[in-house]
Amino acid sequence: MSWDDIRAQIAREQLEVDEKLRSKEPVFVITASGSRRVHLAECFHVRHVLDRKQAWAHVLNGDGELTLNHLSLVYAQPHILSRTEVEQLNSYVACQACSPTLDHQQKVWRFNPKPMLAVNLGPKHIGRNVTTPEGKVLGRLISHQRIVAAGGIRSITTTTAGSFEGDGNEKYVVAPAEA
């Protein structure tokens with residue numbers, strides 16, 4: 001990247017941030033670092049990411065030669081969300097400094113312990129613990145294949161404890177991986 005490219009990138013990012021901040025409804029800010037902490041746009045904790053020149057300060061104040069190390073110091077673009085978008089998140093924590101008025105100060109994600117069919121398992125479930133609806137532990141999900149053939153849908157579920165093949169109608173319960 002040249003210095004002109006960097007200045008143009010900063011201008012594009014600032015334009016995007018300013019456009020979202022001018023929304024008619026209240027907006028909330030979540031930075032890319034750490035947990036989903038929700039801030040008001042005027043919170044001092046997010047000033048450095050909303051001002052894109054300040055976010056790029058380490059690069060702009062660097063010496064004449066630009067390196068990848070300089071670019072790693074740039075604060076990521078913040079997520080600017082409406083109240084509806086924030087409330088749709090499965091988990092978040094409200095900033096204690098600016099105290100945004102949301103439905104929850106802390107919203108915690110809970111997993112759904114209902115059994116699901118094997119054909120509904122997908123890549124997002126890999127790494128989770130798998131049990132039968134009766135509670136028999138099958139291990140941690142490593143892979144899952146759904147095979148569509150002339151004879152119907154088949155499934156191959158592989159966990160740390162073994163591999164299970166079936167007609168796709170098997171039911172499993174998936175839960176977060178244990179630490």
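In this predicted model, the structure holds zero disulfides. The sulfur of C43 has that of C98 as its nearest cysteine sulfur, at 3.8 Å, and because a disulfide requires two cysteine sulfur atoms within 2.5 Å, C43 is in no disulfide; C98, for which the nearest cysteine sulfur is likewise that of C43, is in no disulfide either. Both cysteines are nevertheless withdrawn from the surface, C43 being buried with a relative accessible area of 3% and C98 being buried with a relative accessible area of 17%.

C43 and C98 also belong to the largest nonpolar core, which comprises 11 residues in all and is completed by V17, V27, V29, A41, V46, V49, L50, I80 and C95. Strand β1 (27-30) and helix α2 each supply at least two residues of this core. Within the core, V46 touches V29 and A41, and its contacts further include T31, H39 and L40, when residues up to four places away in sequence are not counted. Apart from this core lies another, of nine residues, among which are F28, V38, L89 and A94. In soluble globular proteins, nonpolar side chains tend to be buried together.

Helix α1 (residues 3-21), with 19 residues, reaches 27 Å from its first C-alpha to its last, close to the 27 Å expected at 1.5 Å a residue. Seen down the axis of α1, the buried residues fall within an arc of 70 degrees, so they line one face of the helix. Those buried in α1 are I6, I10, E13 and V17, of which V17 is a member of the largest nonpolar core. The elements that cover the buried residues of α1 include α2 (47-50), α3 (52-55), α4 (57-60) and β3, whereas the face of α1 turned away from its buried side carries the exposed residues D4, L15 and E19.

The strands form an open sheet of five, in the order β3-β1-β2-β4-β5, with mixed pairing. Strands β3 (79-82) and β5 (106-107) stand at the edges of the sheet, and because each has a single partner strand, one side of each is left without a neighbour in the sheet. At the β5 edge, two bridges join this strand to β4 (residues 92-94), the two running antiparallel, and V93 stands opposite Q106 in β5. At the other edge, β3 is among the elements that cover the buried residues of α1.

Conventions: Residues numbered from 1 in each chain as written. Predicted model: local features only at pLDDT ≥ 70, side-chain atom pairs only at ≥ 80, totals over all residues. Heavy atoms only, no water. Pairing = 2+ DSSP bridges. Helix = DSSP H or I, 4+ residues; strand = E, 2+ residues; numbered from the N terminus. Expected span 1.5 Å × (residues − 1). Buried < 20%, exposed > 50% of the residue type's maximum accessible area, 1.4 Å probe, protein only. Arc of directions from axis to C-beta. Contact = heavy atoms within 4.5 Å. Core = buried A, V, L, I, M, F, W, Y, C linked by side-chain atoms within 4.5 Å.
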